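Colleague: I'm new to this one and would like to learn how to read it. Could you walk me through a helix and a sheet?

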Amino acid sequence: MKIKIGLFKKDFSWQTVLEQIGCDWDYFDFKNINSENYSLLIINDKLNGDEVSAVKYYLENGGAVINNLSEDYFDSNISFSSQLVRNIFPNEYKTIDVLDFPTKINFANNSLFHFANQKGLICYFPLNLSEIFLNTSTKRKSFYFKKERLSSEIVNETSKGAITFLIKSIIEQLHHKRNLPFAHKWFYPLNSKSIFTFRIDSDKSDKSTILSLYNLLNKNKISANWFLDVSSHQNWFSIFKDFQNQSFGYHCYKHKIANNYNDLLKDFENAKKYFSQNDFEINSASAIYGKWNLDFAKLYEEKNIKYSSEFSFTYDTLPFFPFTENKIFSTLQIPIHPICIGSLRQSGYNQNEMTEYFINHIDKCLKLNLPIMLYHHPLDKNHEVLQNIFDYIKEKAIPNISYDDYFNFWMARMNSKIEFDFNQQNNILKIKSDSDSFFSVSSDENNFHLVNDKDEFNFSNFNFTKKDIYSFPEDYNRIRDFDLRHLIQSFLFYIQTR
Ligand SMILES: [Zn+2]
């Protein structure tokens with residue numbers, strides 16, 4: 001049988017999540033659903049009577065379903081209740097981080113999801129994914145550290161990343177509960193547990209500060225992506241040409257929020273002159289203050305920007321293409337961790353505390369297999385802290401790759417074809433793929449293994465790798481406590497950016 005997911009109605013948010021996870025999936029046709037062709041169906045739109053019968057027949061023959069509606073088609077006695085729960089913390093559903101919801105959510109039997117085992121396995125998951133993925137609103141959020149004072153940043157109101165990983169866990173459980181393996185394309189090149197990318201927003205930096213940061217990177221052989229505040233460097237822009245192993249993209253010409261699309265376009269064209277004079281092409285961008293909106297999406301698309309990175313849209317997750325209700329944009333969003341040395345400095349952290357903050361973040365990412373994506377402003381200096389970060393990355397043997405490399409990897413990953421065939425008689429999984437990349441295979445929630453073996457893979461006699469467990473600190477929930485400082489910070493931000 002195939003380890004493959006069938007999605008019912010065309011839906012960019014589900015499509016995005018399945019692509020991020022990297023499973024074999026397609027839109028199913030009721031004529032072709034049987035438990036040999038699909039190991040899981042996602043029902044994300046209302047069914048008619050014949051369709052309900054077809055899904056019931058599929059379930060009776062050993063299938064599994066995610067019912068993503070607030071309606072019970074399968075007589076499981078589920079009651080739905082709409083509740084306003086702004087946050088769900090990681091200990092409750094073993095998520096990778098806090099789940100933040102902007103609107104009411106539908107609970108199935110008072111749970112975010114509920115498994116019903118009755119003539120096939122059904123998971124009731126009535127969360128509206130589009131509401132989360134289309135959300136571009138922002139909110140100041142705190143990020144955990146052991147200190148009383150937490151550092152914060154204005155980021156997206158939702159937690160798109162935690163949702164993706166929650167769905168991955170549900171999909172895995174729906175396979176494992178039936179003694180089936182689950183397999184998906186791995187998130188990183190080769191069999192790395194994670195990757196390290198380093199981004200620099202060059203905000204208002206002078207020449208000597210830029211050169212001193214470059215020297216530190218060069219000494220540590222760190223490949224970084226520089227997003228340039230061009231007007232601050234226009235008199236000596238050509239120095240960037242001599243930087244080895246670094247990439248450059250558009251941050252702004254003037255570091256000022258554009259009022260409308262035309263102002264933004266003008267700013268881009270002004271910046272572009274300096275790029276062109278120095279034979280640089282602009283194929284990447286990061287909006288100032290991480291503030292993504294539809295004007296940026298439009299500009300990026302018109303200017304053939306390959307990827308951009310903005311935490312007001314999403315953060316701490318895997319890449320994906322942003323979309324509206326009827327269109328997917330062509331600029332890949334490469335999410336980043338929103339807290340930088342500057343944020344920690346503003347919160348009064350000393351260098352030891354800064355180092356500890358980033359070491360904790362790196363450890364968390366390694367255990368949860370999240371990408372380690374940090375950024376820095378040259379004027380925030382603190383090179384000792386950067387040196388500690390680079391040393392730790394080396395100690396943990398985490399590959400440092402450029403955004404370009406990760407973009408190329410991600411596109412190849414998205415475009416590669418895969419097929420997972422599982423034989424229940426002899427417990428053998430066959431992986432067919434047209435790429436050299438690795439796959440994660442698992443047979444229960446505690447173990448997994450990364451393989452690039454395109455041949456047979458026997459589950460009965462295989463030594464799996466034990467999954468790392470990340471324990472959230474006991475007082476983790478205080479990241480969503482009310483903090484009066486947020487109001488003051490928001491006021492200062494408003495004055496600063498007016
Ligand atoms: Zn900036």
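Modeller: Happily, starting with helix H1, residues 12-21. This is a predicted model, where local features need pLDDT of at least 70, side-chain atom pairs count only at pLDDT 80 or more, and totals for chains, interfaces and linings use all residues. Residues are numbered from 1 along each chain as its sequence is written.

Colleague: How many of the residues of H1 are buried?

Modeller: A residue is buried if 20 or more other C-beta atoms, placed from the backbone, lie within 10 Å of its own, exposed if 12 or fewer, and partly exposed in between. Helices (H or I, at least four residues) and strands (E, at least two) are DSSP runs, numbered from the N terminus. In H1, seven of the 10 residues are buried, among them Phe12, Trp14 and Ile21. Just after H1, Gly22 has a positive phi of about 85 degrees.

Colleague: What covers the buried residues of H1?

Modeller: Look for contacts (C-beta atoms, placed from the backbone, within 7 Å). The cover includes strand E1 (5-7), strand E3 (40-43) and helix H5 (160-176).

Colleague: In what order do the strands of the open sheet come?

Modeller: Strands of a sheet pair through backbone hydrogen bonds, either parallel or antiparallel. Two strands count as paired if DSSP finds at least two bridges between them. Here six strands follow the order E2-E1-E3-E4-E10-E9, with mixed pairing. E2 and strand E9 (114-117) are the edges, each pairing on one side only.

Colleague: In which sense do E1 and E3 pair?

Modeller: They are parallel, over three bridges, and Leu7 stands opposite Ile42 in E3.

Methods:
Contact = placed C-beta atoms within 7 Å.
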